[in-house]
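Welcome to this guided tour. Keep your viewer open, and at each stop select what is named before reading on.

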Amino acid sequence: MATKPRAPVTILSLRKLSLGTAETQIKEPKMFTVEDAVETIGFGRFHIALFLIMGSTGVFWLAGSLLIIGLASVIIPTIGWRWLIRVASIPGIILIMAFKFIPESARFNVSTGNTPAALATLEHIAKMNRAVMPEGKLVEPILEKRGRFADLLDAKYLRTTLQIWVIWLGISFAYYGVILASAELLERDLVCGSKSDSEVVVTQGDSEESQSPCHCHMFAPSDYRTMIISTVGEIALNPLNILGINFLGRRLSLSITMGCTALFFLLLNICTSSAGLIGFLFLLRALVAANFNTIYIYTAEVYPTTMRALGMGTSGSLCRIGAMVAPFISQVLMSASILGALCLFSSVCVICAISAFTLPIETKGRALQQIE
């Protein structure tokens, strides 16, 4: 059977083939995304500096709480609470001016079309890490789907979302409640067998002004010391909190700490010594801080990337609602009934403990979900 004759391979045909390959390469320029640049640059000095700055913010929160208590002990008895507010606003004013020197996120700049600014940020990171940028042009990755509020209420995440919202609201309610209630409890002297120093400072008479609910009872130095010690408790359980969420899981760890929070709210009502009251407040501050740490980690892990920021944002909104309600309970209701206010705080914590234990998804050992 005759075969079809083949065209002879010549130098000219090979040259055409090589030119065609070159044209194909020219038509397809290299491109990279922000994620590609981050992976190429790798870990280095920039990330160490970022870790130190962001990690220190948790210490800047504790330090700020301790500083405001220390300033209050000096300023309020001498020049009044109005000057305390003026002095406390100074760091915020400095921070507003410092925002000008903080670079914008490269991902945000790319998503808004400001590619040169994003490229400048990535080049700065690469220079600090002594690494090289990937070759090609920086482009925005194509997202097939962006997170929507309706996605949080989809059948797959509806129960998880509702329970997370309840937990965030309850934790915030308890956190700010115990901070504000501490002052009320110190004013009412729950220490058995002796009068508090704050009661000595207040005039012993039965004047209408001293009996008014709007009358300000001045703290004694011992009361400020109690506030400082209890505030330090916010970092006391961090090591145990880390071990708990990694060995027991997020749900069980959160349900245990929320249950203990409910118990210690009730213990605040018992007649105890000065050291006992300080101990209860210390442990209560430690527990409410541990609750915040755990739910923050869980919320960031349970949602896929397209919904993560939306889930964190809506949870933070519920958190603010809890913070707004707390003063009415810890100061207004507590003025009428200490036991009633403490029972309400405890009941909310019990509800949160049950919600945490019955969460449908455990994120321990679960990889972050990129897409829904």
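On this tour, two residues are in contact when heavy atoms of theirs lie within 4.5 Å. Try that out on V166: setting aside neighbours within four places in sequence, V166 is in contact with I351, C352 and S355. Please bear in mind throughout that this model is predicted.

**Stop 1: the whole chain**

Colour the chain by secondary structure. You should find 17 helices and two strands. Of the 372 residues, 35% count as buried. The chain exposes about 22,400 Å², and carbon and sulfur atoms supply 68% of that area. Taking the contacts with a separation of 6 or more, 78% are between residues 24 or more positions apart.

**Stop 2: back to V166**

Select V166 again and colour its helix, which is α9. Is V166 buried, partly exposed or exposed? V166 is partly exposed, because its relative accessible area is 36% and partly exposed covers the range between 20% and 50%. Now add C319: the C-alpha atoms of V166 and C319 are separated by 9.2 Å, although their positions lie 153 residues apart along the chain.

**Stop 3: helices α16 and α17**

Next, select residues 305–336 for α16 and 338–357 for α17. Two packed helices are described by the angle between their axes and the distance between the axes. Here the axes come within 6 Å and cross at roughly 150°. That makes α16 roughly antiparallel to α17, since an angle over 145 degrees counts as such.

To see where they touch, show side chains. On the α16 side, pick A326, I329, S330, L333, M334 and A336; on the α17 side, pick I338, G340, A341, L342, L344 and F345. Sorted by class, this contact has ten nonpolar, two polar and no charged residues.

**Stop 4: α14 against α17**

Keep α17 on screen and add α14, residues 250–267. How do α14 and α17 pack, in angle and distance? Their angle is about 170°, with the axes 8 Å apart. The two helices are therefore roughly antiparallel to each other.

The residues of α14 that meet α17 include R251, L252, M258, F265 and L266. From α17, the partners include L342, F345, C349, A353 and F357. This contact divides into 15 nonpolar, four polar and one charged residue.

**Stop 5: the nonpolar core**

Now centre on F265. In soluble globular proteins, nonpolar side chains tend to be buried together. The largest nonpolar core of this model has 58 residues, and F265 and L268 have the most contacts inside it. At least two core residues come from each of α3, α9, α12, α14, α15, α16 and α17. Which helix gives the most to this core? That is α9, with twelve residues.

Look around F265 itself. Leaving aside neighbours within four places in sequence, F265 is in contact with A174, V178, L284, L342, F345, S346 and C349. Elsewhere there is a second, separate core of eight residues, including A37, A106, L122 and L138.

**Stop 6: S230**

Select S230, which is found in helix α12. S230 is buried, because its relative accessible area is 0%. Not counting residues up to four places away in sequence, S230 touches L281, F282 and R285.

**Stop 7: N129 and R130**

These two neighbours make a good pair to view together. N129 sits in helix α7, while R130 is in the loop between α7 and β2. N129 is buried, at 11% relative accessible area, whereas R130 is exposed, at 69%.

Around N129, leaving out neighbours within four places in sequence, find its contacts: I41, G42, F43, G44, R45, F46 and H47. The C-alpha atoms of N129 and F46 are separated by 6.1 Å, with the two residues 83 apart along the chain. For R130, check the backbone: R130 has a positive phi of about 55° although it is not a glycine.

**Stop 8: E104**

Finish at E104, in the loop between α5 and α6. With 45% relative accessibility, E104 counts as partly exposed. Setting aside neighbours within four places in sequence, E104 is in contact with N109 and T121. Add A118 as well: its C-alpha atom and that of E104 are separated by 8.1 Å, and the two residues are 14 apart along the chain.

Notes: Residues are numbered from 1 along each chain as its sequence is written. This is a predicted model: local features need pLDDT of at least 70, side-chain atom pairs count only at pLDDT 80 or more; totals for chains, interfaces and linings use all residues. Side-chain values use heavy atoms; hydrogens and water are left out. Axes are lines fitted to C-alpha atoms, for helices over the stretch in contact, and angles run from 0 to 180 degrees between N-to-C directions. Helices (H or I, at least four residues) and strands (E, at least two) are DSSP runs, numbered from the N terminus. Angles under 35 degrees count as roughly parallel, over 145 as roughly antiparallel, 65 to 115 as roughly perpendicular and the rest as oblique. Ala, Val, Leu, Ile, Met, Phe, Trp, Tyr, Cys and Pro count as nonpolar, Asp, Glu, Lys and Arg as charged, and the others, Gly among them, as polar. A nonpolar core is a set of buried Ala, Val, Leu, Ile, Met, Phe, Trp, Tyr and Cys residues joined through side-chain atoms within 4.5 Å. Buried means under 20% relative accessible area, exposed over 50%, partly exposed in between (1.4 Å probe, protein chains only). Accessible areas come from the Shrake-Rupley method with a 1.4 Å probe; for residues, only the protein chains shown count as cover.
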